[in-house]
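Let's walk through this fold piece by piece, going from the overall layout to the sheets, the core and the ligand site. Have the viewer open and follow along.

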Amino acid sequence: MNFEQIEQPLRLEDQVQLIDRNGSVIYFPRIFHPSQHYFNRLNTDCCWQTETVKVFGQWHPLRRQTAWYGTANYRYSGQVKTAQPWLPVLLEIKAQVEELTTDTYHAVLLNYYPDGLAGIGWHADDERDLNPNAAIASVSFGATRRFDLRHRDGETLSINLEDGSVLVMAGELQQYWKHQVPVQRKIKQPRINLTFRSMKSSFHFASSFHP
Ligand SMILES: O=C(O)CCC(=O)C(=O)O
């Protein structure tokens, strides 16, 4: 897969604070640069599963695929995601994200969007297994996709999440704001998103890597 690379070094002063009421959202462009090899490794190394959704009691497959890695299982949307042990590529990305955000993460949810027909609807990352108010760091590779945020009071805003960027959501954000990645039919290229999360209880696998 060939993505356009922006040939500029990381400049932390390029960060943008999008939200600073009822939580915070900060956007860091070009943290992973060059990024192509991360996309390729995640695409091939991760154990992708077709995401399903329950409608009127029946499970239906979605276009979006997911994977869950780390040291804690995760319950959401009536399902349990069993954690798979960290892969080397995930540990590399995690280390850079932890350095950037000065936070610690126990697990990561990966979403694979094959094209713009795949999206994720309005939701908040407020499941009971997550540490409330802890930072969630969202890393994007591949196609640029729009990311919308909507406050309980109706305020909305959007940002384009670019290849190699990190978006950090923190504080009470998930209690007041929902987010979505809308369908964008014109987008033909794939995208991978990773949300690194801090979990209430996490345990350590005997081995950090797959054999
Ligand atoms: O793909 C994204 O940018 C967002 C993914 C997301 O909302 C989630 O994993 O909860």
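What follows starts with the chain as a whole and ends at the ligand.

First, a caveat: this is a predicted model. The chain holds three helices and 14 strands. Of its 211 residues, 33% count as buried. If you look at contacts between residues at least 6 apart in sequence, 75% of them join residues at least 24 apart.

Now the sheets. Eight strands make up an open sheet, and its order is E1-E2-E12-E9-E14-E7-E4-E3, with antiparallel pairing. At the edges you'll find strand E1 (16-19) and strand E3 (49-55); each has a single partner strand, so one side of each is left without a neighbour in the sheet. Going from one strand to the next, the twist averages 25°. To see one pairing up close, take strand E4 (residues 58-70) and E7, which pair in the antiparallel sense over six bridges. Within that region, Gln65 stands opposite Tyr112 in E7.

Two helices lie across strands of this sheet. Helix H1 (residues 36-45) lies across E7, strand E9 (136-142) and E14, and runs at about 100° to E9. Helix H2 (residues 88-101) lies across strand E2 (24-28), E4, E7, E9, strand E12 (166-170) and E14, and its angle to E9 is about 125°.

Next, the core. The largest nonpolar core has 46 residues, and those with the most contacts inside it are Tyr69, Val108, Leu110, Ala137, Val166 and Leu167. Which strand gives this core its largest share? That's strand E7 (residues 107-113), with six residues. Zoom in on Leu110: leaving aside residues up to four places away in sequence, Leu110 touches Leu42, Cys46, Thr66, Ala67, Ile192 and Leu194.

There is another open sheet to look at, with four strands in the order E8-E13-E10-E11, again paired antiparallel. Here E8 and strand E11 (156-161) stand at the edges, and each has a single partner strand, so one side of each lacks a neighbour in the sheet. Direction ignored, neighbouring strands of this sheet are turned by 15° against each other on average.

Take its pairings in order. Strand E8 (residues 120-123) is joined to E13 by two bridges, running antiparallel, and Ile120 stands opposite Val181 in E13. Four bridges link strand E10 (residues 145-151) to E13, also antiparallel; there, Leu149 has His179 as its bridge partner. E10 and E11 then pair in the antiparallel sense over six bridges, with Asp148 opposite Ser158 in E11.

E13 deserves a slower look. Which of its side chains are buried, and which are not? They alternate: Trp177, His179 and Val181 point to one face and are buried, while Lys178 and Gln180 point to the other and are not.

That brings us to the ligand. Around it sit Leu109, Asn111, Ile120, Asp125, Ser138, Phe147, Leu161, His179, Val181, Asn193 and Thr195. By class, this shell has five nonpolar, five polar and one charged residues. Where do they come from? E7, strand E13 (177-181) and strand E14 (191-197) each supply at least two residues of the shell. So the ligand's surroundings draw on strands you've already met: E7 and E14 belong to the order of the eight-strand sheet, and E13 belongs to that of the four-strand sheet.

Technical notes
Residues are numbered from 1 along each chain as its sequence is written. This is a predicted model: local features need pLDDT of at least 70, side-chain atom pairs count only at pLDDT 80 or more; totals for chains, interfaces and linings use all residues. A nonpolar core is a set of buried Ala, Val, Leu, Ile, Met, Phe, Trp, Tyr and Cys residues joined through C-beta atoms within 7 Å. A residue is buried if 20 or more other C-beta atoms lie within 10 Å of its own, exposed if 12 or fewer, and partly exposed in between; C-beta atoms are placed from the backbone. Two residues are in contact if their C-beta atoms, placed from the backbone, lie within 7 Å. A residue is near a molecule or strand if its C-beta atom, placed from the backbone, lies within 6 Å of it. Ala, Val, Leu, Ile, Met, Phe, Trp, Tyr, Cys and Pro count as nonpolar, Asp, Glu, Lys and Arg as charged, and the others, Gly among them, as polar. Two strands pair if DSSP finds at least two bridges between them. Axes are lines fitted to C-alpha atoms, for helices over the stretch in contact, and angles run from 0 to 180 degrees between N-to-C directions.
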